[in-house]
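Grab a pencil and work through these exercises with the model open beside you. Try each task before you read its solution.

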Amino acid sequence: MFPYELNYFREAGRLGGSLRRLDALWSDASAADAPDEQELLRAREAAAMLATARWMYRSALARQESRGMHRRDDYPEQDDRYLHFVTTGGLDDVWTSARPLASRQYAEAAE
């Protein structure tokens, strides 16, 4: 998630490079074993943070615009085609989908 030039200053190439590294780490983490309960807890915490990072990067790639705190160097403007929620999930195979706003009352918050 750090340094900022890889996460805060987002661009498809940088996001993709980071995501490839995160995916490789996920492959290693999902096959890892822990010798005791203490290490198992630490491994599960690390896996949770890794899963969250992968969801964040996939979502950032799916939103090809700048909006709110999400800034893309390669898409500096807002685009009303992206006035929706980006939903993400999955562990081994991370997916994203667009979910429409339930009502226009939340549209301002999404800007």
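## Warm-up: the whole chain

The protein chain exposes about 7,700 Å², and carbon and sulfur atoms supply 54% of that area. Keep in mind that this is a predicted model.

**Exercise 1.** Describe the overall layout of the protein chain: how many helices and strands are there, and in what pattern do they come?

*Solution.*
- Step 1: count the elements. You should get 4 helices and 2 strands.
- Step 2: read along the sequence. The pattern is α-α-α-β-β-α.
- Step 3: put a box around the C-alpha atoms. Along the principal axes, the box is roughly 50 × 30 × 20 Å.
- Step 4: look at what is tucked away. Of the 111 residues in the chain, 28% are buried.
- Step 5: check the contacts between residues at least 6 apart in sequence. Here, 51% join residues at least 24 apart.
- Step 6: finish with the charges. The mean positions of the 15 positive and 19 negative charges are 5 Å apart.

**Exercise 2.** Take helix α2, residues 12-31, and compare its reach with the span expected at 1.5 Å a residue. Then work out which of its residues are buried.

*Solution.*
- Step 1: get the length. Helix α2 has 20 residues and reaches 28 Å from its first C-alpha to its last.
- Step 2: compare. That is close to the expected 28 Å.
- Step 3: look at the start of the helix. A side-chain oxygen of Glu11 comes to within 3.0 Å of the backbone nitrogen of Gly13.
- Step 4: pick out the buried residues. They are Leu15, Gly16, Gly17, Ser18, Leu19, Leu22 and Trp26.
- Step 5: recall a handy rule. An α-helix has 3.6 residues a turn, so residues three or four places apart point the same way.
- Step 6: ask what does the covering. The cover over the buried residues of α2 includes α1 (4-7) and α3 (37-62).

**Exercise 3.** Find Asp33 and decide: is Asp33 buried or exposed?

*Solution.*
- Step 1: locate the residue. Asp33 sits in the loop between α2 and α3.
- Step 2: apply the cut-off. Exposed means over 50% relative accessible area. Asp33 counts as exposed because its relative accessible area is 76%.
- Step 3: try a distance. Asp33 and Ala43 are 10 residues apart in sequence, and their C-alpha atoms are 8.3 Å apart in space.

**Exercise 4.** Now go to the loop between α3 and β1 (85-89) and find Arg72. Why does Arg72 count as buried?

*Solution.*
- Step 1: recall that buried means under 20% relative accessible area. Arg72 counts as buried because its relative accessibility is 3%.
- Step 2: list some company. Leaving aside neighbours within four places in sequence, Arg72 is in contact with residues including Arg10, Glu11, Leu15 and Ala60.
- Step 3: find a polar partner. A polar atom of the Arg72 side chain lies 3.3 Å from the backbone oxygen of Arg63.
- Step 4: compare sequence and space. Arg72 and Phe9 are 63 residues apart in sequence, yet 6.6 Å apart C-alpha to C-alpha.

**Exercise 5.** Which side chains do His70 and Asp79 join by polar contacts?

*Solution.*
- Step 1: place them. His70 lies in the loop between α3 and β1, and Asp79 is found in the loop between α3 and β1 too.
- Step 2: start with His70. Its side chain joins that of Arg10 through a polar contact of 2.7 Å. His70 is buried, at 10% relative accessible area.
- Step 3: move on to Asp79. A 2.6 Å polar contact links the side chains of Asp79 and Arg81.
- Step 4: look further along the chain. Setting aside neighbours within four places in sequence, Asp79 is in contact with Glu65 and Arg67.

Key: Residues are numbered from 1 along each chain as its sequence is written. This is a predicted model: local features need pLDDT of at least 70, side-chain atom pairs count only at pLDDT 80 or more; totals for chains, interfaces and linings use all residues. Side-chain values use heavy atoms; hydrogens and water are left out. The expected span of a helix is 1.5 Å times one less than its number of residues. Buried means under 20% relative accessible area, exposed over 50%, partly exposed in between (1.4 Å probe, protein chains only). Contact means heavy atoms within 4.5 Å. A polar contact is a pair of N or O atoms within 3.5 Å; within protein, one must be able to donate a hydrogen and the other to accept it, and residues adjacent in sequence count only if both atoms are side-chain atoms. Accessible areas come from the Shrake-Rupley method with a 1.4 Å probe; for residues, only the protein chains shown count as cover. Lys and Arg count as positive and Asp and Glu as negative; His and the chain ends are not counted. The place of a charge is taken as NZ of Lys, CZ of Arg, CG of Asp or CD of Glu.
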